[in-house]
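User: I would like to learn how to read the contacts in a structure model, one kind of feature at a time. Could we begin with a ligand and then move on to the protein itself?

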Amino acid sequence: MNVEPLLKVENLVKHFHVRLGAFGERTATVHALDDVSLDIQHGETLSLVGESGCGKSTTGFTILNLHRASGGRVIYKGQDLTLLDDKHMRPFRRDLQIVFQDPYSTLNPRMTVGEAIGEPMLFHKLAAKTELNDKIAALLQDVGLPSRFASRYPHELSGGQRQRVVIARALACQPKFIVCDEAISALDVSIQAQIINLLLDLQEKYGLTYLFIAHDLAVVRHISTRVGVMYLGRLAELAPRDALFEAPLHPYTKALLSAVPEADPVRERNRKRQILEGDVPSPLNPPTGCRFHTRCPIAADICAKVVPEWKAARPGHLVACHAVNSSSA
Ligand SMILES: Nc1ncnc2c1ncn2[C@@H]1O[C@H](COP(=O)(O)OP(=O)(O)OP(=O)(O)O)[C@@H](O)[C@H]1O
Ligand code: SF4
Ligand SMILES: [Mg+2]
(Lines give C-alpha, C1' and ligand atoms only; values in the text may rest on other atoms or scores of the structure.)
(Ligands and ions follow the chains in the order given, each with its own letter.)
Protein backbone atom coordinates (compact mmCIF):
# COMPACT_ATOMS: atom_id res chain seq x y z
CA MET A 1 0.00 0.00 0.00
CA ASN A 2 1.21 3.51 -0.81
CA VAL A 3 1.50 5.63 2.31
CA GLU A 4 2.67 8.77 0.55
CA PRO A 5 -0.12 10.69 -1.20
CA LEU A 6 -0.05 10.90 -5.00
CA LEU A 7 -0.03 14.69 -4.82
CA LYS A 8 0.63 17.08 -1.97
CA VAL A 9 -0.81 20.57 -2.30
CA GLU A 10 0.68 22.98 0.21
CA ASN A 11 -0.58 26.51 0.83
CA LEU A 12 -1.44 26.99 -2.83
CA VAL A 13 -2.19 30.56 -3.91
CA LYS A 14 -3.42 31.89 -7.24
CA HIS A 15 -4.02 35.60 -7.75
CA PHE A 16 -5.02 37.01 -11.13
CA HIS A 17 -4.02 40.58 -11.91
CA VAL A 18 -6.79 42.17 -13.93
CA ARG A 19 -7.59 45.55 -15.46
CA LEU A 20 -10.81 47.32 -14.54
CA GLY A 21 -12.75 50.21 -15.98
CA ALA A 22 -13.97 50.80 -19.54
CA PHE A 23 -10.41 51.53 -20.70
CA GLY A 24 -8.62 49.16 -18.34
CA GLU A 25 -7.27 52.18 -16.49
CA ARG A 26 -7.23 50.51 -13.04
CA THR A 27 -5.60 47.27 -11.93
CA ALA A 28 -6.86 44.89 -9.27
CA THR A 29 -6.11 41.45 -7.87
CA VAL A 30 -8.55 38.55 -8.01
CA HIS A 31 -7.96 36.34 -4.95
CA ALA A 32 -9.02 33.18 -6.75
CA LEU A 33 -7.16 30.79 -4.45
CA ASP A 34 -5.59 31.40 -1.06
CA ASP A 35 -3.64 29.04 1.16
CA VAL A 36 -5.22 25.81 -0.07
CA SER A 37 -3.60 22.67 1.36
CA LEU A 38 -4.70 19.12 0.66
CA ASP A 39 -3.30 15.68 -0.06
CA ILE A 40 -4.63 13.58 -2.89
CA GLN A 41 -4.36 9.86 -2.16
CA HIS A 42 -3.62 7.14 -4.70
CA GLY A 43 -6.77 5.78 -6.34
CA GLU A 44 -9.23 8.09 -4.61
CA THR A 45 -11.84 10.45 -5.99
CA LEU A 46 -11.50 13.77 -4.24
CA SER A 47 -14.37 16.08 -5.13
CA LEU A 48 -14.44 19.85 -4.84
CA VAL A 49 -17.74 21.64 -4.37
CA GLY A 50 -18.85 25.21 -3.69
CA GLU A 51 -20.71 28.06 -5.34
CA SER A 52 -19.73 29.34 -8.76
CA GLY A 53 -16.53 31.38 -8.68
CA CYS A 54 -15.22 29.87 -5.41
CA GLY A 55 -12.03 28.63 -7.10
CA LYS A 56 -12.66 24.98 -7.96
CA SER A 57 -11.38 25.16 -11.54
CA THR A 58 -8.52 27.41 -10.50
CA THR A 59 -7.47 24.74 -7.99
CA GLY A 60 -7.46 22.07 -10.72
CA PHE A 61 -5.60 24.27 -13.21
CA THR A 62 -3.01 25.43 -10.68
CA ILE A 63 -2.34 21.88 -9.44
CA LEU A 64 -1.68 20.86 -13.06
CA ASN A 65 0.53 23.94 -13.53
CA LEU A 66 -1.75 25.12 -16.35
CA HIS A 67 -2.04 28.29 -14.25
CA ARG A 68 1.24 29.40 -12.74
CA ALA A 69 0.85 29.44 -8.93
CA SER A 70 1.30 32.75 -7.11
CA GLY A 71 2.50 30.86 -4.04
CA GLY A 72 2.64 27.46 -2.39
CA ARG A 73 3.78 24.09 -3.67
CA VAL A 74 2.39 21.07 -5.53
CA ILE A 75 4.54 18.03 -4.85
CA TYR A 76 4.34 15.17 -7.34
CA LYS A 77 6.95 12.39 -7.46
CA GLY A 78 9.15 14.46 -5.16
CA GLN A 79 9.08 17.46 -7.49
CA ASP A 80 7.45 20.84 -6.85
CA LEU A 81 5.50 21.29 -10.10
CA THR A 82 4.97 25.01 -9.50
CA LEU A 83 8.68 25.60 -10.17
CA LEU A 84 8.68 23.98 -13.61
CA ASP A 85 8.46 25.77 -16.93
CA ASP A 86 6.61 24.19 -19.87
CA LYS A 87 9.65 22.25 -21.04
CA HIS A 88 10.38 20.72 -17.65
CA MET A 89 6.67 20.01 -17.10
CA ARG A 90 6.57 17.82 -20.23
CA PRO A 91 7.58 14.53 -18.56
CA PHE A 92 4.86 15.07 -15.92
CA ARG A 93 2.13 16.19 -18.38
CA ARG A 94 1.48 12.61 -19.45
CA ASP A 95 0.60 11.56 -15.91
CA LEU A 96 -1.65 14.54 -15.18
CA GLN A 97 -4.66 14.98 -17.43
CA ILE A 98 -7.81 17.10 -17.45
CA VAL A 99 -11.31 16.53 -18.86
CA PHE A 100 -13.48 19.63 -19.29
CA GLN A 101 -17.21 20.23 -19.40
CA ASP A 102 -17.15 21.10 -23.08
CA PRO A 103 -15.55 18.39 -25.24
CA TYR A 104 -15.50 20.83 -28.18
CA SER A 105 -12.81 22.84 -26.39
CA THR A 106 -10.57 19.75 -26.30
CA LEU A 107 -11.28 18.20 -29.70
CA ASN A 108 -10.00 19.75 -32.88
CA PRO A 109 -12.99 19.79 -35.28
CA ARG A 110 -10.68 19.00 -38.22
CA MET A 111 -9.20 15.88 -36.60
CA THR A 112 -10.87 12.49 -36.73
CA VAL A 113 -11.53 10.66 -33.49
CA GLY A 114 -8.64 8.31 -34.30
CA GLU A 115 -6.25 11.22 -34.89
CA ALA A 116 -7.38 12.92 -31.66
CA ILE A 117 -6.70 9.78 -29.64
CA GLY A 118 -3.51 8.85 -31.52
CA GLU A 119 -1.88 12.28 -31.30
CA PRO A 120 -0.91 12.16 -27.58
CA MET A 121 0.34 8.57 -27.97
CA LEU A 122 2.70 9.66 -30.75
CA PHE A 123 3.71 12.82 -28.90
CA HIS A 124 4.62 10.91 -25.75
CA LYS A 125 6.09 8.02 -27.78
CA LEU A 126 3.66 5.53 -26.27
CA ALA A 127 2.95 3.77 -29.55
CA ALA A 128 4.79 3.06 -32.78
CA LYS A 129 2.93 4.10 -35.95
CA THR A 130 2.42 0.43 -36.89
CA GLU A 131 0.53 -0.38 -33.69
CA LEU A 132 -1.37 2.89 -33.46
CA ASN A 133 -4.64 1.71 -35.01
CA ASP A 134 -4.87 -1.27 -32.65
CA LYS A 135 -4.21 0.94 -29.64
CA ILE A 136 -6.82 3.48 -30.77
CA ALA A 137 -9.36 0.66 -31.21
CA ALA A 138 -8.56 -0.67 -27.72
CA LEU A 139 -9.03 2.77 -26.18
CA LEU A 140 -12.34 3.26 -28.01
CA GLN A 141 -13.44 -0.09 -26.62
CA ASP A 142 -12.37 1.03 -23.14
CA VAL A 143 -14.73 3.98 -23.34
CA GLY A 144 -17.57 1.98 -24.86
CA LEU A 145 -17.32 3.09 -28.49
CA PRO A 146 -16.95 0.86 -31.57
CA SER A 147 -13.62 1.00 -33.39
CA ARG A 148 -15.30 2.31 -36.57
CA PHE A 149 -15.75 5.64 -34.72
CA ALA A 150 -12.03 6.26 -35.33
CA SER A 151 -12.80 7.74 -38.76
CA ARG A 152 -15.55 10.08 -37.54
CA TYR A 153 -15.26 13.80 -36.84
CA PRO A 154 -16.39 15.39 -33.54
CA HIS A 155 -19.47 17.02 -35.15
CA GLU A 156 -20.69 13.56 -36.17
CA LEU A 157 -20.97 12.48 -32.52
CA SER A 158 -23.47 13.08 -29.72
CA GLY A 159 -22.39 15.03 -26.61
CA GLY A 160 -21.97 11.84 -24.60
CA GLN A 161 -19.96 10.16 -27.38
CA ARG A 162 -17.73 13.23 -27.68
CA GLN A 163 -17.05 13.15 -23.95
CA ARG A 164 -16.13 9.45 -24.26
CA VAL A 165 -13.62 10.41 -26.97
CA VAL A 166 -12.14 13.10 -24.71
CA ILE A 167 -11.78 10.52 -21.95
CA ALA A 168 -10.12 8.09 -24.40
CA ARG A 169 -7.73 10.87 -25.44
CA ALA A 170 -6.83 11.48 -21.80
CA LEU A 171 -6.38 7.73 -21.24
CA ALA A 172 -4.10 7.52 -24.27
CA CYS A 173 -1.42 9.21 -22.15
CA GLN A 174 -1.65 6.40 -19.56
CA PRO A 175 -2.28 9.01 -16.84
CA LYS A 176 -2.15 8.60 -13.08
CA PHE A 177 -4.34 11.57 -12.23
CA ILE A 178 -7.29 13.18 -14.03
CA VAL A 179 -8.98 16.45 -13.13
CA CYS A 180 -12.62 16.11 -14.19
CA ASP A 181 -13.80 19.73 -14.31
CA GLU A 182 -17.60 19.61 -14.63
CA ALA A 183 -16.96 16.72 -17.02
CA ILE A 184 -20.58 15.60 -16.97
CA SER A 185 -22.42 18.87 -16.32
CA ALA A 186 -23.39 19.58 -19.91
CA LEU A 187 -24.83 16.11 -20.54
CA ASP A 188 -28.39 14.77 -20.22
CA VAL A 189 -29.04 13.12 -16.87
CA SER A 190 -29.18 9.59 -18.33
CA ILE A 191 -25.91 10.15 -20.22
CA GLN A 192 -24.36 11.62 -17.06
CA ALA A 193 -24.98 8.33 -15.28
CA GLN A 194 -23.30 6.42 -18.10
CA ILE A 195 -20.22 8.65 -18.06
CA ILE A 196 -19.99 8.44 -14.25
CA ASN A 197 -20.09 4.66 -14.44
CA LEU A 198 -17.48 4.74 -17.16
CA LEU A 199 -15.20 6.93 -15.02
CA LEU A 200 -15.64 4.55 -12.07
CA ASP A 201 -14.91 1.48 -14.24
CA LEU A 202 -11.78 3.09 -15.69
CA GLN A 203 -10.64 4.12 -12.22
CA GLU A 204 -10.80 0.52 -11.10
CA LYS A 205 -9.21 -0.87 -14.26
CA TYR A 206 -6.30 1.58 -14.39
CA GLY A 207 -5.96 2.62 -10.73
CA LEU A 208 -6.73 6.23 -11.62
CA THR A 209 -6.96 9.08 -9.15
CA TYR A 210 -9.56 11.80 -9.78
CA LEU A 211 -10.03 15.38 -8.71
CA PHE A 212 -13.73 15.67 -9.46
CA ILE A 213 -15.20 19.16 -9.73
CA ALA A 214 -18.97 19.34 -9.83
CA HIS A 215 -22.06 21.29 -8.83
CA ASP A 216 -24.36 18.31 -8.46
CA LEU A 217 -24.05 17.22 -4.84
CA ALA A 218 -25.99 13.98 -5.43
CA VAL A 219 -23.40 12.95 -8.02
CA VAL A 220 -20.59 14.01 -5.70
CA ARG A 221 -22.07 11.88 -2.92
CA HIS A 222 -22.22 8.90 -5.27
CA ILE A 223 -18.74 9.13 -6.75
CA SER A 224 -16.43 10.54 -4.05
CA THR A 225 -14.01 9.08 -1.57
CA ARG A 226 -13.54 12.47 0.08
CA VAL A 227 -15.08 15.88 -0.48
CA GLY A 228 -13.61 19.37 -0.14
CA VAL A 229 -15.86 22.40 0.24
CA MET A 230 -14.55 25.73 -1.04
CA TYR A 231 -15.73 29.22 -0.26
CA LEU A 232 -14.34 32.32 -1.95
CA GLY A 233 -10.93 30.87 -2.77
CA ARG A 234 -10.36 28.98 0.47
CA LEU A 235 -11.08 25.47 1.68
CA ALA A 236 -13.79 25.51 4.35
CA GLU A 237 -13.95 21.78 5.05
CA LEU A 238 -12.50 18.50 3.78
CA ALA A 239 -13.65 15.09 4.97
CA PRO A 240 -14.41 11.53 3.95
CA ARG A 241 -17.63 11.50 1.90
CA ASP A 242 -19.96 10.05 4.56
CA ALA A 243 -18.59 12.22 7.35
CA LEU A 244 -19.10 15.31 5.24
CA PHE A 245 -22.65 14.49 4.16
CA GLU A 246 -23.81 12.98 7.48
CA ALA A 247 -22.06 15.27 9.95
CA PRO A 248 -20.79 18.49 8.35
CA LEU A 249 -19.02 20.86 10.73
CA HIS A 250 -18.59 24.15 8.86
CA PRO A 251 -21.62 26.49 8.75
CA TYR A 252 -21.14 26.98 5.00
CA THR A 253 -21.11 23.22 4.34
CA LYS A 254 -24.26 22.86 6.43
CA ALA A 255 -26.02 25.53 4.38
CA LEU A 256 -24.81 24.07 1.08
CA LEU A 257 -25.95 20.55 1.99
CA SER A 258 -29.29 21.69 3.35
CA ALA A 259 -30.28 22.41 -0.27
CA VAL A 260 -29.89 18.74 -1.28
CA PRO A 261 -33.13 16.72 -1.26
CA GLU A 262 -33.03 13.54 0.87
CA ALA A 263 -33.88 10.19 -0.76
CA ASP A 264 -35.54 9.01 2.47
CA PRO A 265 -39.10 10.52 2.62
CA VAL A 266 -39.06 10.95 6.42
CA ARG A 267 -35.72 12.75 6.37
CA GLU A 268 -36.88 14.79 3.39
CA ARG A 269 -40.03 15.91 5.31
CA ASN A 270 -37.88 17.02 8.25
CA ARG A 271 -35.19 18.64 6.13
CA LYS A 272 -34.62 22.27 7.12
CA ARG A 273 -33.44 24.38 4.24
CA GLN A 274 -30.88 26.94 5.37
CA ILE A 275 -30.95 29.93 3.06
CA LEU A 276 -27.74 31.96 3.03
CA GLU A 277 -28.31 35.70 3.22
CA GLY A 278 -26.54 38.01 0.78
CA ASP A 279 -24.33 37.41 -2.22
CA VAL A 280 -20.85 35.91 -2.29
CA PRO A 281 -18.49 38.88 -1.73
CA SER A 282 -16.14 39.91 -4.52
CA PRO A 283 -12.84 38.02 -4.79
CA LEU A 284 -11.31 41.41 -5.69
CA ASN A 285 -11.80 42.47 -2.10
CA PRO A 286 -12.51 39.40 0.01
CA PRO A 287 -13.67 39.88 3.63
CA THR A 288 -11.02 39.92 6.33
CA GLY A 289 -10.71 37.09 8.83
CA CYS A 290 -13.02 34.24 7.88
CA ARG A 291 -14.21 34.97 4.34
CA PHE A 292 -17.61 33.53 5.22
CA HIS A 293 -18.24 35.88 8.16
CA THR A 294 -20.46 38.29 6.17
CA ARG A 295 -22.98 35.48 5.62
CA CYS A 296 -22.39 33.16 8.55
CA PRO A 297 -25.38 32.76 10.91
CA ILE A 298 -23.10 32.18 13.92
CA ALA A 299 -20.29 34.66 13.22
CA ALA A 300 -18.59 36.13 16.32
CA ASP A 301 -16.30 39.17 16.68
CA ILE A 302 -13.14 37.15 16.13
CA CYS A 303 -14.42 35.91 12.76
CA ALA A 304 -13.96 39.27 11.04
CA LYS A 305 -10.47 39.70 12.48
CA VAL A 306 -8.65 36.38 12.44
CA VAL A 307 -8.38 33.84 9.61
CA PRO A 308 -9.50 30.53 11.11
CA GLU A 309 -6.82 27.88 11.26
CA TRP A 310 -7.07 24.85 8.89
CA LYS A 311 -7.16 22.06 11.45
CA ALA A 312 -8.27 18.49 12.04
CA ALA A 313 -11.50 18.46 14.03
CA ARG A 314 -11.45 14.68 13.90
CA PRO A 315 -8.91 12.38 12.30
CA GLY A 316 -9.10 13.07 8.57
CA HIS A 317 -11.85 15.70 8.98
CA LEU A 318 -10.38 19.14 8.36
CA VAL A 319 -12.18 22.40 8.87
CA ALA A 320 -11.49 26.14 9.01
CA CYS A 321 -13.89 27.64 11.56
CA HIS A 322 -13.41 29.38 14.92
CA ALA A 323 -16.58 27.73 16.23
CA VAL A 324 -15.20 24.23 15.72
CA ASN A 325 -12.23 23.03 17.71
CA SER A 326 -10.34 19.80 17.75
CA SER A 327 -11.69 18.52 21.04
CA SER A 328 -15.33 19.64 20.89
CA ALA A 329 -16.08 17.98 17.57
N1 LIG B 1 -7.99 33.85 -16.08
C2 LIG B 1 -8.61 34.54 -15.13
N3 LIG B 1 -8.41 35.87 -14.99
C4 LIG B 1 -9.02 36.56 -14.00
N5 LIG B 1 -9.84 36.01 -13.07
C6 LIG B 1 -10.07 34.71 -13.18
C7 LIG B 1 -9.49 33.90 -14.19
N8 LIG B 1 -9.92 32.62 -14.03
C9 LIG B 1 -10.75 32.64 -12.96
N10 LIG B 1 -10.84 33.89 -12.46
C11 LIG B 1 -11.62 34.28 -11.28
O12 LIG B 1 -11.19 33.48 -10.20
C13 LIG B 1 -12.30 33.12 -9.36
C14 LIG B 1 -12.38 31.62 -9.28
O15 LIG B 1 -12.76 31.13 -10.57
P16 LIG B 1 -12.97 29.58 -10.89
O17 LIG B 1 -13.18 29.48 -12.34
O18 LIG B 1 -11.85 28.82 -10.29
O19 LIG B 1 -14.31 29.26 -10.08
P20 LIG B 1 -15.17 27.92 -10.08
O21 LIG B 1 -15.37 27.54 -8.66
O22 LIG B 1 -14.57 26.91 -10.98
O23 LIG B 1 -16.57 28.45 -10.67
P24 LIG B 1 -17.65 27.69 -11.60
O25 LIG B 1 -18.39 26.78 -10.65
O26 LIG B 1 -18.50 28.80 -12.10
O27 LIG B 1 -16.90 26.96 -12.68
C28 LIG B 1 -13.52 33.78 -9.98
O29 LIG B 1 -13.75 34.98 -9.33
C30 LIG B 1 -13.10 34.03 -11.42
O31 LIG B 1 -13.77 35.12 -11.96
S1 SF4 C 1 -15.07 31.18 11.48
FE2 SF4 C 1 -16.81 32.36 12.25
S3 SF4 C 1 -17.73 33.27 10.43
FE4 SF4 C 1 -16.37 31.64 9.74
S5 SF4 C 1 -17.68 29.91 9.53
FE6 SF4 C 1 -16.81 29.79 11.57
S7 SF4 C 1 -18.27 30.82 12.90
FE8 SF4 C 1 -18.81 31.37 10.81
MG1 LIG D 1 -15.18 26.03 -12.76
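User: How far does a backbone N or O atom of Cys54 lie from an oxygen atom of ligand 1?

Analyst: Please keep in mind that this is a predicted model. A polar contact is read as a pair of N or O atoms within 3.5 Å. In this structure a backbone N or O atom of Cys54 lies 3.2 Å from an oxygen atom of ligand 1, a backbone N or O atom of Gly53 lies 2.8 Å from an oxygen atom of the ligand, and for Ser57 a polar side-chain atom is found 2.8 Å from an oxygen atom of ligand 1.

User: How much of ligand 1 does the protein bury, and which elements give two or more residues to the shell around it?

Analyst: Taken alone, ligand 1 exposes 640 Å², and the protein buries 65% of that area. Strand 1 (7–20), strand 2 and helix 1 (56–63) are the elements that give two or more residues to the shell, and helix 1 provides the largest share, three residues. In total 13 residues surround ligand 1, the closest being Ser52, Gly53, Lys56, Ser57 and Thr58.

User: Into which classes do the residues around ligand 1 and ligand 2 fall?

Analyst: The shell around ligand 1 has six nonpolar, six polar and one charged residues, whereas the shell around ligand 2 divides into nine nonpolar, three polar and no charged. Among the residues surrounding ligand 2 are Cys290, Cys296, Cys303 and Cys321, together with His250, His293 and His322. Phe292 also belongs to that shell, and we shall meet this residue again among the aromatic pairs.

User: How many salt bridges does a search of the whole structure find, and what does the one between Asp34 and Arg291 tie together?

Analyst: For a salt bridge, one looks for a side-chain nitrogen of Lys or Arg within 4 Å of a carboxyl oxygen of Asp or Glu. The search finds eleven of them in the whole structure. In one of these, Asp34 pairs with Arg291, and the closest N and O atoms are 2.6 Å apart. Asp34 belongs to strand 2 (residues 26–40) and Arg291 to the loop between helix 10 (265–270) and helix 11 (301–305), so this salt bridge ties together parts that are 257 residues apart in sequence. Both partners, Asp34 and Arg291, are buried.

User: Are Lys205 and Asp142, which form another salt bridge, buried or exposed?

Analyst: Here the two partners should be read separately. Lys205 is exposed, with a relative accessible area of 53%, because exposed is the class for values over 50%. Asp142, by contrast, is buried at 17%, since buried stands for values under 20%. Their side chains meet at 2.7 Å, N to O. Because Lys205 sits in helix 6 (residues 189–206) and Asp142 in helix 4 (residues 132–142), the pair ties together parts that are 63 residues apart in sequence.

User: Which helices does the salt bridge between Arg221 and Glu246 tie together?

Analyst: The side chains of Arg221 and Glu246 meet in a salt bridge at 2.6 Å, N to O. Arg221 lies in helix 7 (residues 217–223) and Glu246 in helix 8 (residues 241–246), so the pair ties together parts 25 residues apart in sequence. Arg221 is partly exposed at 28% relative accessible area, and Glu246 counts as partly exposed at 46%.

User: How many aromatic pairs are found, and why is the pair of Phe61 and Phe100 called tilted?

Analyst: A search of the whole structure finds five aromatic pairs. The rings of Phe61 and Phe100 have their centres 5.8 Å apart and their planes at 45°, so the pair is tilted. The pair links helix 1, where Phe61 lies, with the loop between strand 6 (96–99) and helix 3 (113–123), which holds Phe100. A second pair, Tyr231 and Phe292, has its ring centres 4.9 Å apart and its planes at 75°, so this pair is edge-to-face. Both Tyr231 and Phe292 are buried, and ring pairs link Tyr231, Tyr252 and Phe292 into a cluster.

Terms used. Residues are numbered from 1 along each chain as its sequence is written. Chains are lettered from A and ligands numbered from 1 in the order in which they are written. This is a predicted model: local features need pLDDT of at least 70, side-chain atom pairs count only at pLDDT 80 or more; totals for chains, interfaces and linings use all residues. Side-chain values use heavy atoms; hydrogens and water are left out. Helices (H or I, at least four residues) and strands (E, at least two) are DSSP runs, numbered from the N terminus. Buried means under 20% relative accessible area, exposed over 50%, partly exposed in between (1.4 Å probe, protein chains only). A residue is near a molecule or strand if one of its heavy atoms lies within 4 Å of it. A polar contact is a pair of N or O atoms within 3.5 Å; within protein, one must be able to donate a hydrogen and the other to accept it, and residues adjacent in sequence count only if both atoms are side-chain atoms. Accessible areas come from the Shrake-Rupley method with a 1.4 Å probe; for residues, only the protein chains shown count as cover. Ala, Val, Leu, Ile, Met, Phe, Trp, Tyr, Cys and Pro count as nonpolar, Asp, Glu, Lys and Arg as charged, and the others, Gly among them, as polar. Rings of Phe, Tyr and Trp (its six-membered ring) pair if their centres lie within 6.5 Å; planes under 30 degrees apart count as stacked, over 60 as edge-to-face and the rest as tilted.
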